[in-house]
Structure formats: structure tokens, C-alpha cells
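Trainee: Please give me a close look at one loop and its flanks. Then work outward from there.

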Amino acid sequence: MATGRTISANFLTVIDKQVIEFCGKIAQTIKDLIPNDADKKKFQDEFGKISLTRDAGAGRGAGKLQRDALCTRGIQGKAPFSNRNLRWHPLVIASNPVQYAKTIERIEIEGDGEQQTLVFVVKENGVEKSYPSDKVHEMPERYVTLPEHWDTHLDRLHLWNDTLWTQNSCIITAFEACDWNAALEAYAVLGLSIAIDDYKIDYQTIYSKVVDILKNQDIDKSIKFPSSVFPIDKNDIICCPLCKVPKSLNPANLPDRKREERYKFAFGGNKRNEGDDSSMQIMHIEPLIESELRHNSTNVRFGHRWCNVAMTDHSIDETVDFMEYIVNAHKKK
């Protein structure tokens, strides 16, 4: 399976670099308003750090804001998925055609042995152009690959080893995709959530500063920030979208749950805290789907892990209906 970093992780287009650096301005503004040095460092290390890479960097790379707002999830497996990539990456995979991307012409495989490379053939202005896996980030617009493009190569791909999958990890899932401006605004909203709830920065002060930064963006003057749907309500920004409790508190204001210790080898990593009920995770109010670009400032929030797990791939309304049925079934109401 693909186990390494996304191919061409250190290669950015001009727009890629501009967007990441612009998010760095937002993070710096938040950091400047944090009153003490210890909290400034904590914010920088955990949330505000910027990595000029497609996958948020290796090891101690970018902070949580960049990883969640700008990048797709880490994915590994016998498939050409990027192990994190920018959400506006121009090559996506979907089950069916999508209206926001052009369909590629075909997929070819060049080379043999350990040197096999996926090549994606598209039409640009009526002329065919080929992009090998390490160059797909240079595509001038978004393209989608469909099942029929892969079907003719399944027998060959079935034999690929970890090395081949890793050196061709160049594509993202369509449901995680969005435009760069939507990812940037999502970064701003999540940054506001951290600033206000975790570091107790005055809401009006930080909100007005972030809005001013957005209004003065110089990446593309034809795009006006903030968008008309940019949130202005404090509770909407800081509260978990499911239980409506600030994400810095326990889910649904329940008491702490003690988790039993489990044996762990001393030389292994420890991510157990990420499994705590109150652990903070990115959430989508409406579930991500292939047919629409839903990663945006109105649909992205930080919330509790417990609430996120409870929702699975369902909307808030569907989850509440499910919970209401369970409550009635147990005669708790």
C-alpha cells in the first residue's frame, strides 16, 4: 500500500504557495493577540504552524489548522490516493461525473518493473496533453477520473507493490475537494474558533481583524472576501455543531469519562488522547459528498470526537432523529 508522503509534496504552484502563506497571516494575527509567551508557543506548535507543502509536511509539520482546513485526510491503501494533499488539488476520483470537474480522456501506464508511472491524458483547448503522476498538480483546472478509466488497468494494478503505489499517490477523493478560496475561508473560521474558545481572545477584536485580512487578499482580486455566508455569530463558531456546547468543554456537558489504561510498548507512538470523547476534531454539518463541493466556511467546524463519531456520514438532522428514536426506545423521555 502507499505508505510514504504524497508524490510531489514539496512542489507548489504559485496559487498554492500564496494561499498557504495567506493563511499564515491569519495565524500570525491570532498569535499576536495571545497575551503570554507560553500560550503563543502552544498555539503556534499545535495550530498556527505553516508548512509550504501539499501535505502539511512530514513529522512536526504544519499545525492542525492547515492540516484540517487546507488538506485532505491521510489515506493509505492499494490505491493512488494522496496521503494528504491540498483540497483544491486539480485531480479527483469519483464514482460518477461531477459538474465541477472535466472528465479525463484516459489513463495510461508508462514504464515497467519498479518504474511504472500513471499518466493522465486530458484535453486542453481540444488538444490532448499528458500529465504523469508527479506533474498532475500542474493541471490548469480540475479533472475527474471515473471507474471506467481504471477498469482496463485493474489486472496490472493488482500486482503493484508498496513502492509503486507510493510513487503514484497523486489523486484526491472528490468528496474532500473544494476551491482554494473555500479552503482559505474554512481556515479563517477554524482559526477564529480556536482563538475565541481556546485562547479567550475578544470575539469582536479578532473577528474584525480576520475580516480585514480577508477583504485585503491579493491572491485573486476577482474573488471577494469574506463571502456573504461567512459566519458572524460567536456561538456558531465556537460550539460543537451537534451538542451545541463549546468544544473546549465536555461533549453535551457530561462529566469526564475515565478510560481504562491499555498496554502500549514504550517504543511505539501514543495517540490515545485523540480517542478521548472531548478530543477536538474537524466536523462537517452536512456530510461530504462527491456531487457537491461542501468543504466551506458554513459547513466546517471544530467539535467533539464523540459527536463526530456519532454523526458518522449523516447530517445533523439525521443524527438528531436517530438519537430521538433511541431516547424514546429506552423510555428516557
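**A loop and what surrounds it**

Mentor: S291 is partly exposed, with a relative accessibility of 45%. The cut-offs here: buried is under 20% relative accessible area, exposed is over 50%, and partly exposed is in between, with a 1.4 Å probe and protein chains only. Numbering starts from 1 along each chain as its sequence is written. The model is predicted, so local features need pLDDT of at least 70 and side-chain atom pairs pLDDT 80 or more, while totals for chains, interfaces and linings use all residues; side-chain values use heavy atoms, without hydrogens and water.

S291 sits in the loop between β8 and β9. Helices (H or I, at least four residues) and strands (E, at least two) are DSSP runs, numbered from the N terminus. Take the flanks next. β8 covers residues 280–284, and 4 of its 5 residues are buried. β9 covers residues 300–304 and runs antiparallel to β8, with 5 bridges between the two. Strands count as paired if DSSP finds at least two bridges between them. One contact to look up: H284 has V300 in β9 as its bridge partner. In general, strands of a sheet pair through backbone hydrogen bonds, either parallel or antiparallel.

β8 also matters for the largest pocket. That strand gives the largest share of the lining, 5 residues. α2, α3 (64–70), β8 and α10 (305–311) each supply at least two lining residues. The lining holds 48 residues in total; K64, R67, D68, R84 and Q281 lie nearest the centre. The volume is about 1,700 Å³. How is a pocket defined? On a 1 Å grid over the protein atoms alone, a pocket is an open set of points where a 1.4 Å probe fits, with protein on both sides within 12 Å along at least five of seven lines; lining residues have an atom within 4 Å of a point. Grid points are joined across faces, edges and corners, and the volume is the space filled by probe spheres set on them.

Now move away from the loop. The C-alpha atoms of S291 and D197 are 33 Å apart, with the two positions 94 residues apart along the chain. α7 (180–198) leads into the loop that holds Y199. α7 is mostly covered, with 17 of its 19 residues buried. Its first and last C-alpha atoms are 26 Å apart, close to the 27 Å expected at 1.5 Å a residue. The expected span is 1.5 Å times one less than the number of residues. Just after α7, K200 has a positive phi of about 55°.

α11 (residues 316–329) gives a second check on span. Its 14 residues should span 20 Å at 1.5 Å a residue, and the end C-alpha atoms are 20 Å apart, which agrees. K331, just after α11, takes a positive phi of about 55°.

Next, the rings. The whole structure has 7 aromatic pairs. Rings of Phe, Tyr and Trp (its six-membered ring) pair if their centres lie within 6.5 Å; planes under 30 degrees apart are stacked, over 60 edge-to-face, and the rest tilted. One of the pairs is F43 with Y199: 5.8 Å centre to centre, 90° between the planes, edge-to-face. F43 is in α2 (residues 37–48), and Y199 is 156 residues away, in the loop between α7 and α8 (203–215). Both residues are buried. F47 joins them in one aromatic cluster.

F120 and W150 are also edge-to-face, because their ring centres are 6.1 Å apart and their planes stand at 70°. F120 lies in β4 (residues 117–124) and W150 in α4 (residues 147–151), so this pair ties together parts that are 30 residues apart in sequence. F120 is buried at 0% relative accessible area, and W150 is buried at 8%.

There is also a parallel open sheet. Its 4 strands run in the order β2-β6-β1-β7. β2 (102–103) and β7 (172–173) are the edges; each has a single partner strand, so one side of each lacks a neighbour in the sheet. β1 (residues 91–93) pairs with β7 over 2 bridges, and I93 stands opposite T173.

Last, the cysteines. The structure has 0 disulfides, a disulfide being two cysteine sulfur atoms within 2.5 Å. For C178, the nearest cysteine sulfur is that of C71, 10 Å away. C178 is buried, at 1% relative accessibility. For C243, the closest cysteine sulfur belongs to C307, at 3.8 Å, which is too far for a bond.
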